[in-house]
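Please work through the exercises below with the sequence and the model side by side. Each task is followed by a solution that proceeds step by step.

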Amino acid sequence: MSQTTLCFDFGNTRLKCAVFDGNSLKELLVLENDHDDTIQQLIQQYRPAKSILSSVVNHNPGIEPLLAATTRFHKLNHTSKLPITTPVGKPEDIGADRLAMVVAAVYLFPGKNNLVVGLGTAITYNFVNKYHEFVGGSISPGMEMRFKSLHHYTAKLPLVKKDWNLSLIGYDTRTNILSGVILGMAKEIDGIIEFYDEKYTNFNVLLTGGDTPFFVYHLKNKIFADPNLIYKGLYAISEHNNV
């Protein structure tokens, strides 16, 4: 008999919850807030046996005892039991979301050098080697951050919203910005991938995050794209820690 697991991912832009039935992702929810009532409503609706929280924001502390009282709850952090090691200077500073992404990569592609590119508020490049050591990576501004920076730090450039429909040569200010931001990011990602590819053999690239669909067709490198990778990683960590 399968069990329901709630996997909470609280990022800088959105609060999300993935609903798993057994190991199958059944539903992805965007939460309006993290109030006790909101979490209690989810518990009553889905009656989860397990739950896990990945948070990179200052969330409502009351939800942790609430989840612990009603489910087998785990809060992801650097002390969690993971199928990876983190030989870095300050493992406590590693974002929980980055841990979840690299764990998913190890479960999907064990024994490979994996670069996980997370496309969210920021772009994170997360490298876990074939020995399952998460040795770090790099961080750069994400798409929304780039749009907002162009608007904020100039007098006349508008705030542009992301759009699928773009061309190499923009024909007005809006399409010039779309081309510069999205195609510029694509070339950045390709360039970083090439640096890793030159250094490592048995190399694999995974692309994930909410902005993944904007870049899949603009990247020249072969990638494994899965916008829901972080939730699959959270589920795997929950199974490993909520026994």
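**Exercise 1.** Among contacts in the protein chain between residues at least 6 apart in sequence, what percentage join residues at least 24 apart?

*Solution.* The model is a predicted one, and the contacts to be considered are those between residues at least 6 apart in sequence. Of these contacts, 53% join residues at least 24 apart.

**Exercise 2.** Describe the overall build of the protein chain, beginning with its secondary structure and ending with its surface.

*Solution.* The first step is to take stock of the elements, and here the chain contains six helices and ten strands. The second step compares the radius of gyration, 19 Å, with the 18 Å that the globule rule gives for 243 residues; the two values are close, so the chain is as compact as a globular protein of that length. Along the principal axes, the C-alpha atoms occupy a box of roughly 55 × 45 × 35 Å. Turning to exposure, 49% of the 243 residues count as buried, while the accessible surface amounts to about 12500 Å², with 52% of it belonging to carbon and sulfur atoms. As for charge, there are 23 positive and 23 negative side chains, and the centres of these two sets are 3 Å apart.

**Exercise 3.** Find the largest nonpolar core, and determine which element gives the most to this core.

*Solution.* In soluble globular proteins, nonpolar side chains tend to be buried together. The largest core here has 28 residues, and those touching the most other members are Cys 7, Leu 76, Leu 82, Ile 84, Leu 99, Val 116 and Ile 237. Two or more residues come from each of β2 (15–21), α3 (96–108) and α6 (229–241), and α3 gives the most, with nine residues. Looking more closely at Ile 84, and leaving aside its neighbours within four places in sequence, one finds it in contact with Leu 99, Val 102, Val 103, Val 106, Val 128, His 132 and Phe 134. Apart from this core lies another, of 26 residues, including Leu 115, Tyr 125, Ile 193 and Val 205.

**Exercise 4.** Examine the backbone at Arg 47 and Asn 202, and decide whether each residue is buried, partly exposed or exposed.

*Solution.* Most residues other than glycine have a negative phi. Arg 47, however, has a positive phi near 45°; this residue sits in the loop between α1 (36–46) and β4 (50–55), and with 68% relative accessibility it counts as exposed. Asn 202 likewise has a positive phi, of about 50°, and belongs to the loop between α5 (173–199) and β9 (203–208). Because its relative accessibility is 40%, Asn 202 counts as partly exposed.

Key. Residues numbered from 1 in each chain as written. Predicted model: local features only at pLDDT ≥ 70, side-chain atom pairs only at ≥ 80, totals over all residues. Heavy atoms only, no water. Helix = DSSP H or I, 4+ residues; strand = E, 2+ residues; numbered from the N terminus. Rg over C-alpha atoms; globule rule 2.2 N^0.38 Å. Buried < 20%, exposed > 50% of the residue type's maximum accessible area, 1.4 Å probe, protein only. Contact = heavy atoms within 4.5 Å. Areas by Shrake-Rupley, 256 points an atom, 1.4 Å probe, with all protein chains shown as cover. Lys, Arg positive; Asp, Glu negative; His and termini not counted. Charge placed at Lys NZ, Arg CZ, Asp CG, Glu CD. Core = buried A, V, L, I, M, F, W, Y, C linked by side-chain atoms within 4.5 Å.
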